[in-house]
Amino acid sequence: MELFTIERYEGDLYSAENNTEKESKNLAQLLEQAHGRKRSRECSNYKQEDESTVESAPVLEALPKMTKNTKKKEKRSKLEGKVIKETKKVKKDNLDKSVGNEDDAAKTLKGEQRTLSTDGATNEANSVTVFSDEDRKHSENTKQEEPSGKTSKQTLNKETLEHQMEMTVIGGENKKQKPNAVRRALPKWLANPSFFSSDVNKNLLAITEIEGLHSGLVQKLEKQGVEHFFPVQESVIPAMLSSWERNSPFGKGGFLPQDICVCAPTGSGKTLAYVLPVIELLKHNTVRTIEALVIVPTKDLATQVWHVFNMYVQGTGLSVGLANGLKSLQKEQQQLGSNSFLGYSSNVNILVATPGRLVEHISSTDGFSLQFLRFLIIDEADRLLAEPYFGWLDKVYGSVFSSTESQEAHRSPLNTLTPLKTGKIQRPLQKLLFSATLTQNPEKLALLQLYKPRFFTVSKSKNDTRGTEELGNEANEEFEMLLETPATLEESMYICNSGGKPLVLLHLLTVQGLDGVLCFTSSVESTHRLYLLVKHFGGIGVQEFSSNLTAARRQTILNDFKCGKTQIIICSDAMARGLDVPAVKYVISYDPPVSSKTYVHRVGRTARAGKTGSAITLLHDNEVFHFKKMLKSLKKDRICKHSIKDSDLECLMEKYKTALEQLKTEVASSKKQIKRMRR
């Protein structure tokens with residue numbers, strides 16, 4: 001007997017008749033399901049027996065079995081009719097009788113179903129279903145509604161197909177909709193900068209209109225021929241002066257001053273933007289300690305910044321030191337400070353240093369300390385953060401926040417600031433970052449531990465004539481910082497045949513007569529070879545500028561170039577950072593730049609401080625595509641494209657061939673000398 005459970009349906013309590021009717025329906029459905037399962041199992045067993053008999057008996061014996069099956073089907077149909085009549089009677093009786101008579105109806109149904117299972121045919125695989133009058137009416141209605149149902153099914157199929165077509169597959173592409181570009185989540189201070197104009201010739205502010213600068217500094221500016229401040233200076237100088245208390249080593253109202261990050265084009269006056277406020281805020285100090293530190297990546301740039309400080313520090317009582325490795329370590333130690341029985345005493349208030357030599361002084365100079373440092377200025381910050389330079393940043397912070405056994409620390413790092421440490425006013429440290437290609441990578445900037453930084457950069461629109469009005473990005477729109485070249489720069493490119501770059505360069509120097517040229521190559525070796533080639537060609541004042549030369553030799557080369565004795569300086573990218581050479585009129589990229597940052601720094605050696613200048617790039621046919629792609633990343637329009645005919649270069653061929661032969665012999669002899677030295 002089939003085992004099953006009957007779940008009693010607890011209906012609504014508003015009517016006993018409705019409850020009994022529902023319970024009888026549930027009971028009938030459960031009985032039908034149970035007997036249907038039993039019949040299906042019996043049919044499956046009969047099928048297996050039938051298959052076995054068919055395999056053993058001959059084929060002719062199958063015919064009488066077929067007749068027997070048809071007779072059994074007729075008997076089954078008669079029994080189905082009887083069951084339908086009995087179910088109708090049971091439903092009518094259940095409506096009139098009480099709930100107690102449900103057992104009798106179940107017994108009659110069980111008896112009928114037993115006769116069906118014994119007498120009925122067991123060879124059918126499908127189970128017999130019992131239908132009521134309501135089910136037949138429902139089936140007739142569905143037959144009448146079949147045509148409309150077909151149309152609805154067709155529409156549903158179409159919708160599902162379209163939905164499947166629009167579904168995006170992992171690893172696939174959706175052709176209808178383009179994927180949204182991933183938007184960088186920048187910190188708020190980077191996404192909402194303060195803008196200033198990129199044009200250094202319009203809406204300039206007079207030097208007397210900025211409040212806070214001493215009259216002595218204004219007079220020195222006038223002696224140097226400075227009448228107006230550039231936009232970056234107009235923005236940064238007031239921001240630095242307003243964050244400090246005058247005649248005090250503490251911030252405004254005892255608060256820490258905000259750090260400042262500046263991204264401005266080359267030649268826009270970034271050096272003077274931090275030189276003037278530092279001198280103004282330190283000129284009243286009576287104790288001589290290192291309170292301002294300027295870190296630059298190259299020795300020549302350190303010398304240049306040191307000269308600018310000395311130009312404006314006269315008469316203020318401040319002293320500026322230089323630590324760039326051009327002198328021995330002992331001489332620099334004597335200039336920076338001295339030890340006595342009272343301890344170490346510093347001789348300078350402002351120190352300009354390269355990172356490598358600064359690490360040497362922190363590690364090996366007795367008494368050298370940055371405990372009283374107020375200004376940490378990082379010029380060309382993107383390059384200094386990209387290269388480790390002996391871990392200079394950790395060394396500087398270790399010296400700034402250090403303490404001795406006899407003296408407590410004057411300040412605490414921001415990450416260890418506690419309520420107990422706020423009981424006394426901390427000696428502040430303001431960090432200032434300057435670069436023409438300042439990074440927007442928060443991971444690199446996080447190493448500096450910036451405090452509530454402010455970001456100054458060039459305005460988005462080139463036609464903006466509102467000067468240095470700070471246009472805050474209050475709408476939180478997506479901000480994309482673009483690398484900028486000077487607005488007064490003219491750019492062009494020359495297409496050269498294979499191996500024809502030297503001839504094109506010689507044509508520009510001799511036939512077109514370009515003067516005040518700075519020519520960049522990709523390496524020190526190619527710089528030396530091109531210098532020898534131009535030198536052997538003759539008639540051109542040429543000099544080589546590279547790191548292989550001594551500092552004194554490099555300085556004499558720059559002086560000769562300023563005086564007009566040298567027509568062209570051939571150099572590598574080491575000279576592309578920060579150096580200010582006023583005599584540069586043309587910048588020629590003999591080898592194309594490897595990146596947009598390199599290009600910006602190269603062409604930034606000309607068209608400085610609002611003056612005009614030209615940038616020329618020599619390209620082979622296979623280099624044009626990559627150069628245009630780089631210009632596209634800088635959002636630049638088409639630049640002038642030139643080419644020189646072979647007929648115009650024929651007059652230079654004889655001298656060029658002789659110079660090339662001399663170059664080959666000289667290179668071969670130099671290689672032999674190197675081999676002898678190695679032996």
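I will talk through the nonpolar cores, one helix that packs on them, and one helix pair in this predicted model.

Let me start with the cores, where the general background is that in soluble globular proteins nonpolar side chains tend to be buried together. The largest nonpolar core here has 50 residues, and those with the most contacts inside it are Leu276, Val278, Phe309, Tyr312 and Phe375. Helix H9, residues 270-282, gives the most to this core, contributing nine residues. If we leave aside residues up to four places away in sequence, Phe309 touches Tyr274, Val275, Val278, Ile279, Val294, Val320, Ile350 and Val352. Apart from this core lies another, of 38 residues, which includes Ile295, Leu336, Val348 and Val400.

Turning to helix H7, residues 215-223, its buried residues are Leu217, Val218, Lys220 and Leu221. Viewed down the axis of H7, these buried residues fall within an arc of 160°, and therefore they line one face of the helix. As for what that set meets, the buried residues of H7 pack against strand E3 (228-229), H9 and helix H10 (299-313). Just after H7, Gly225 adopts a positive phi of about 85°.

Finally, the helix pair: H17, residues 524-537, and H22, residues 653-678, pack at an angle of about 135°, with their axes 8 Å apart. Since angles over 145 degrees would count as roughly antiparallel, that angle makes H17 oblique to H22, and the crossing of the two is right-handed. On the H17 side, the contact is made by Arg529, Leu532, Leu533, His536 and Phe537, while the H22 residues involved include Tyr656, Leu660, Leu663 and Val667.

How values were computed
Residues numbered from 1 in each chain as written. Predicted model: local features only at pLDDT ≥ 70, side-chain atom pairs only at ≥ 80, totals over all residues. Heavy atoms only, no water. Core = buried A, V, L, I, M, F, W, Y, C linked by side-chain atoms within 4.5 Å. Buried < 20%, exposed > 50% of the residue type's maximum accessible area, 1.4 Å probe, protein only. Helix = DSSP H or I, 4+ residues; strand = E, 2+ residues; numbered from the N terminus. Contact = heavy atoms within 4.5 Å. Arc of directions from axis to C-beta. Axes fitted to C-alpha atoms, helices over the stretch in contact; angles between N-to-C directions. Parallel < 35°, antiparallel > 145°, perpendicular 65-115°, else oblique. Left-handed = near helix turned anticlockwise from the far one by under 90°.
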